[in-house]
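Before the discussion starts, please bring up the sequence and the model side by side. The exchange is meant to be read with both in view.

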Amino acid sequence: MCGIVGYIGNKDATNILIEGLEKLEYRGYDSAGIAVVNNHKINFAKHKGRLSILRDSLEKNNLEGNVGIGHTRWATHGEPSDLNSHPHLNPGNALAVVHNGIIENYLILKEELIEKGYEFVSDTDTEVIPYLLDYYYNGNLLETVQTVVSKLEGSYALGIIDKNNPDILIAVRKDSPLIIGAGEGENFIASDIPAILSRTRKVYLLENDEMAVLKKDSIEIMKTDGTKVDKEIYNVDWDVEAAEKGGYDHFMLKEMHEQPKAIKDTISPRIDKNGKVNIKEFSLNEEYMKNINKVYMVACGTAYHAGLVGKALIEKYAKIPVITDVASEFRYGNPFIDKNTLMIVVSQSGETADTLAALRLAKEKKAKVLAITNVVGSTVSREADYVFYTWAGPEIAVASTKAYTTQLVSLALISMDIAIKRGTTEGTIAKGIVEEIRELSEKINVMLKYIDEIKNMADNIYKSEDIFFIGRGLDYYLAMEGSLKLKEISYIHSEAMAAGELKHGTLALIDRGTPVIAIATQDKLYDKMLSNIKEVKARGAFVIGVVKESNKEIEKIVDKVVYIPEVKDELSPTLAVVPLQLLAYYVALKRNCDIDKPRNLAKSVTVE
Ligand code: F6R
């Protein structure tokens with residue numbers, strides 16, 4: 001999704017803006033631009049394509065100035081083009097605006113402005129903002145912005161500069177993320193912390209309907225109606241290197257290797273010294289837990305796949321029916337939500353528009369909402385009743401890896417917590433599971449050593465046009481994740497099938513050499529899976545099996561095999577996903593794909 005950076009201080013704004021935008025590349029974008037105030041003039045450059053194009057153009061024509069805004073755009077209204085790129089300016093180029101979000105009433109506003117004689121040059125919704133600023137401008141930028149914001153409907157994070165007020169930068173936030181960075185003699189705005197982390201660790205997290213007036217040596221935060229807001233500073237305690245590649249070729253590879261630590265960081269604070277689950281932030285009491293009549297588990301993409309595994313755990317141990325749904329479908333159905341419904345939303349970014357809408361619907365219907373998210377201060381985290389943070393650190397690669405595995409362990413702990421409070425699982429059983437959850441981190445390290453074997457498997461399959469993933473029970477949910485990972489970064493068509501469903505249609509697609517990744521880690525379903533593997537082998541499939549290490553006899557049936565250490569069935573996806581992530585990675589590498597930034601995808605999907 002779009003990324004915003006802004007700077008005000010004594011340094012060369014252009015460099016700082018470009019450096020900040022580079023750190024926001026992970027959000028996905030199709031064009032980039034900056035605008036800088038200098039000598040009572042706004043200079044700007046904006047181009048379709050990668051940041052390198054903008055950088056090249058700035059090398060030929062540097063924009064000087066100490067105040068500026070920058071933007072990476074992910075097209076929604078209007079195709080990716082130079083004209084549709086941000087910043088957008090008013091006629092006469094006195095004011096420049098960068099925007100993340102969608103102005104829902106822009107067509108009405110545009111018509112009104114056209115009637116007043118304005119001529120638009122882009123197809124964007126954003127352009128109405130500088131034109132409205134132009135129309136209402138009274139010399140006082142703050143007042144003018146407040147007037148304009150009161151006319152806007154929809155979501156917006158804004159950065160605004162004015163050639164006639166060159167000593168201020170204005171930031172506004174509603175339903176799109178925006179933070180303020182406080183420096184020494186300089187201040188910043190950004191969509192996300194990594195953009196400014198090399199400059200400052202002191203950050204203010206703007207809430208909805210808040211705005212800030214930044215000068216080089218002051219930050220004033222207020223509601224958009226002008227009411228003053230006292231806000232605590234948030235000290236970022238993770239490292240700038242955490243947001244960079246740290247020696248790996250890609251963020252995705254780095255993030256896969258961070259999984260053991262991410263899991264440890266996520267579970268440790270929630271397990272007490274007696275080995276019992278103790279989730280301090282999830283303070284729903286026993287009475288509430290006992291009265292829960294159902295759980296809705298709602299999320300998108302990879303987070304949804306984690307939710308499916310969570311469903312199995314909660315149903316098994318807490319004995320509550322769990323209804324899972326993808327967030328984009330959930331709110332258009334007729335969900336059965338009441339005050340005894342617990343809604344669990346899972347979102348790495350905490351900004352996914354559909355997930356957020358599902359959360360709001362559940363709250364409207366009086367359900368309690370628990371959010372599992374990786375981003376502190378994200379919208380989901382602020383709006384949910386309870387927040388369980390996955391402490392995975394920033395996930396930069398578009399393809400989610402460490403967020404998924406930390407979501408899995410979070411759901412495992414949460415299911416134990418609910419089960420104990422409801423009295424549906426004995427303490428000793430829960431303790432045994434918690435003990436196994438603790439061992440996952442080490443076992444993932446074992447899985448990460450399979451790199452050579454996986455590279456070899458990637459060599460076997462990377463030219464294929466279709467790859468199938470099959471499994472039963474939790475392995476089917478994992479197959480969905482393996483398939484998604486492969487298709488999103490390698491662009492190979494892939495499908496996940498419940499193995500028992502194959503013969504009801506899809507088996508017709510299995511031919512000589514068709515790769516089938518068969519996951520068979522569920523003890524009680526193992527024999528059934530063997531039959532399904534034989535079915536595809538009989539049609540000539542090239543089968544890669546993923547099984548527990550005690551099942552060595554599989555070597556006689558499949559072409560390649562990856563073993564996972566012995567583990568309880570319910571926890572096996574956390575281990576078995578690692579070879580699937582690595583396989584997707586090495587297949588994509590062989591195909592020369594842009595692994596961290598796959599085509600057409602964005603890291604944070606803040607529109608429906
Ligand atoms: C795939 C992937 C996506 C996200 C989905 C939800 O690798 O990352 O499928 O899982 O867009 O995003 P969040 O978790 O941020 O709500």
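What follows is a conversation between a student and a tutor about this predicted model.

Student: Which domains does the domain assignment give for the protein?
Tutor: Since the model is predicted, we take the bounds from the assignment and then examine the coordinates. Going along the chain, the assignment gives domain 1 (3–237), domain 2 (251–446) and domain 3 (451–590).

Student: How compact is the protein, given its radius of gyration?
Tutor: The secondary structure comes to 18 helices and 24 strands. The globule rule gives 25 Å for 608 residues, and the radius of gyration of the protein is close to that, so the protein is as compact as a globular protein of that length, with a radius of gyration of 25 Å.

Student: What area do domain 1 and domain 2 bury between them?
Tutor: The centres of domain 1 and domain 2, taken over C-alpha atoms, are separated by 34 Å, and 9 residues of domain 1 are in contact with 10 residues of domain 2. Carbon and sulfur atoms account for 51% of the area buried between the two domains, which comes to about 780 Å².

Student: Which three residues supply 46% of the area that domain 1 buries against domain 2?
Tutor: The share you mention is more than any other three residues of domain 1 supply against domain 2. The residues that supply it are Y26, R173 and D175.

Student: With which residue does D175 form a salt bridge?
Tutor: Between domain 1 and domain 2 the count is 2 salt bridges, alongside 3 residue pairs in polar contact. On the side of domain 1 that touches domain 2, the residues divide into 5 nonpolar, 1 polar and 3 charged. For D175, the closest N and O atoms of the salt bridge are 3.1 Å apart, and the partner is R360.

Student: Where is P87 found, and is its peptide bond from H86 cis or trans?
Tutor: Most residues other than glycine have a negative phi, and most peptide bonds are trans. P87 is found in the loop between β4 (67–73) and β5 (88–89). The peptide bond from H86 to P87 has omega near 0°, and is cis.

Student: What value does phi of Y491 take?
Tutor: Y491 is found in the loop between α16 (474–490) and β21 (493–498). Its phi is positive in a residue other than glycine, with a value near 65°.

Definitions and conventions: Residues numbered from 1 in each chain as written. Predicted model: local features only at pLDDT ≥ 70, side-chain atom pairs only at ≥ 80, totals over all residues. Heavy atoms only, no water. Domains from an automatic or database assignment. Contact = heavy atoms within 4.5 Å. Buried area = accessible area lost by both parts, 1.4 Å probe. Salt bridge = Lys/Arg side-chain N within 4 Å of Asp/Glu carboxyl O. Polar contact = N/O pair within 3.5 Å; in protein donor to acceptor, adjacent residues only side chain to side chain. Nonpolar A, V, L, I, M, F, W, Y, C, P; charged D, E, K, R; others polar. Helix = DSSP H or I, 4+ residues; strand = E, 2+ residues; numbered from the N terminus. Rg over C-alpha atoms; globule rule 2.2 N^0.38 Å.
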